[in-house]
Every structure is written in structure tokens, then in C-alpha cells.
Amino acid sequence: MWNRRQLFAAGAASLAACLGTPAIAQNFPNRAVTMVVPFPAGGITDAVARALASKMGEQLGKPVIVDNRPGGGGQIAAAYVRQQAADGHTLYVGATEMFAINPSLFRNFSYDPLKDFSPVTSLIASPLVLVVPANSSLTSVKELIAQAKSRKDGLNFASQGMGSIGHLLGETFRGKVGGKFNHVAYKGSAPALQDVMGGQVDFMFDPVITTAPWWPARNSSPWRLRPTSVRHKCRTYPPWPSLACPV
């Protein structure tokens, strides 16, 4: 079983290896490399980028800077990267929604994911977990669904932003189970989880890697983890059932 640090290090090594091949120009890099992240500091994408930056800097012999540009469902960061020289010194560390989801959701899209960008490597894949505040009265997914149906105002769920995987999963969940769920969009996982911890929102779906640091201190954790959102049980955590199973 790999922990979070090992997973990030493996991803960093794979990208550094790609950039360190003989196919790269002999004078690359000739200045600092910038990794643009479409989310604020503290979330999974930011954490991956910072792990990558450290390993890449060691191998390339030049500084690798992480530049956080959140907002617009990733379009702000993507538009900035698209305007930079295509010489490998500016990299976009995005997520599934930036390239596979958002182009179908937004009418006026600022970039073409196929024409404006060239893929380098896939870094990580993480299942999602459903988290609620530690002091929440919800102790099961069945109770969560029941309250969404019985409460006049329904339940509020946070996401990493409009069009994010957490947003779409929440909407899919609502469509499957019924009830009233109110979406609250944030600029990334970090601020969303802060409000989950504070009880400002009722729950959210978030990558297991983002919540992993809290697991060793689970008895004092600011949130509780619920069944995973994938069909297979999450190997990183105890054998909770998935949302495809009775819960």
C-alpha cells in the first residue's frame, strides 16, 4: 500500500523522467520552470504540483515554481498558460474537469483542450470519499438521503468549483437518490474542506488523497469519512462499502 508521499514522489519521478529524456533540447531548461495550478494552495492538485516541483528541480538543475491561479473552472490558469511560449518552461497541472468535463459545460470556453495543449503524462488517480463534519448528526448515507428528502431547505454540499468532479458527482448523486441538494461552489478543495470542518456545509465528495493526512488522527478529525464513491472498495482506508453497495 502506497502512502500519499510515495504516490506523489512516483508521479514526480515519472514527469521528471519525461522531461529529462534526450528528446528535450540540450539547452532546456535555460531558466526557471513554472507549474501553473488552477486551484488555491492546500488542495490535491497543489500538493501534487509542489511534490513534482521539488523532484523536477533536483533533476533539471533549475528552480521549478508553483503558480496558483484559481477561478473560472480552471479557465483563468489555462488562458494564462496558453499565452506563454510553447518551449516547455510553463506547464499546466490540471485535472480531469479542465480537459474532459468543462468544455461540455461552459458555452463560452476560453481554450481548446486538444489544440492549445499537449499532454505530458498522467500523474495520479484517486477515488473520492463522501465527508461530513465531525459533529454532524449524519451517521450513514441512508440518513443523509432521508434528511435531504425531509428537510425543507434540503442539504448543502460543497465542491471544488463549478464543473468540478465533486460538483458533477453531487449532481449525479442527487439525480439517483432524489431529495433537495444545494450546490455550494468553492475555488478548490482546501477552502471547501474548511467549511465542511466548520459545519457551514453538510457534506462534499473529495479525493481520498486530500483527506488522507487526517486519517492517522481520525479520533480527533474535523470530519468523518463515509463510503467511497467508486464501485470498488478503497484500499487506502478500512473496507467501507462503495456507493454502489447498500449503505
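Modeller: Before we look at the model, which is a predicted one, a definition will help: a pocket is an open set of grid points with protein on both sides within 12 Å along at least five of seven lines, and its lining residues have an atom within 4 Å of a point.

Colleague: How should I picture the search for such a space, and which residues lie nearest the centre of the largest pocket?

Modeller: Rolling a probe the size of a water molecule over the atoms shows where empty space is left. In this predicted model the largest pocket has a volume of about 1400 Å³, and its lining is made up of 46 residues, with Tyr92, Val93, Gly94, Ala95 and Phe99 lying nearest the centre.

Colleague: Which helices and strands each supply at least two residues of that lining, and which domains contribute?

Modeller: Helices H1 (4-19), H2 (44-60), H3 (75-82) and H4 (96-105), together with strand E3 (90-92), each supply at least two residues of the lining. At least three lining residues come from each of domain 1 (33-105) and domain 2 (128-227).

Colleague: How do the lining residues divide into nonpolar, polar and charged?

Modeller: The lining of the largest pocket holds 27 nonpolar, 14 polar and 5 charged residues.

Colleague: Strand E3 was named in the lining; in what order do the strands of its sheet run?

Modeller: The open sheet has 3 strands in the order E2-E1-E3, paired in parallel. Strand E2 (64-68) and strand E3 are the edge strands, each pairing on one side only, and the twist from one strand to the next averages 25°. Strand E1 (residues 33-37) pairs with E2 over 5 bridges in the parallel sense, and within this pairing Met35 has Val66 in E2 as its bridge partner. Helix H2 packs on the sheet and touches E1, E2 and E3, its direction making about 165° with that of E2.

Colleague: What kind of peptide bond joins Phe28 and Pro29, and where is Pro29 found?

Modeller: Phe28 and Pro29 are joined by a cis peptide bond, with omega about -5°, and Pro29 is found in the loop between H1 and E1.

Technical notes
Residues are numbered from 1 along each chain as its sequence is written. This is a predicted model: local features need pLDDT of at least 70, side-chain atom pairs count only at pLDDT 80 or more; totals for chains, interfaces and linings use all residues. Side-chain values use heavy atoms; hydrogens and water are left out. On a 1 Å grid over the protein atoms alone, a cavity is a set of points where a 1.4 Å probe fits but cannot get out, and a pocket is an open set with protein on both sides within 12 Å along at least five of seven lines; lining residues have an atom within 4 Å of a point. Grid points are joined across faces, edges and corners, and a volume is the space filled by probe spheres set on the points. Helices (H or I, at least four residues) and strands (E, at least two) are DSSP runs, numbered from the N terminus. Ala, Val, Leu, Ile, Met, Phe, Trp, Tyr, Cys and Pro count as nonpolar, Asp, Glu, Lys and Arg as charged, and the others, Gly among them, as polar. Domain bounds come from an automatic or database domain assignment. Two strands pair if DSSP finds at least two bridges between them. Axes are lines fitted to C-alpha atoms, for helices over the stretch in contact, and angles run from 0 to 180 degrees between N-to-C directions. Contact means heavy atoms within 4.5 Å.
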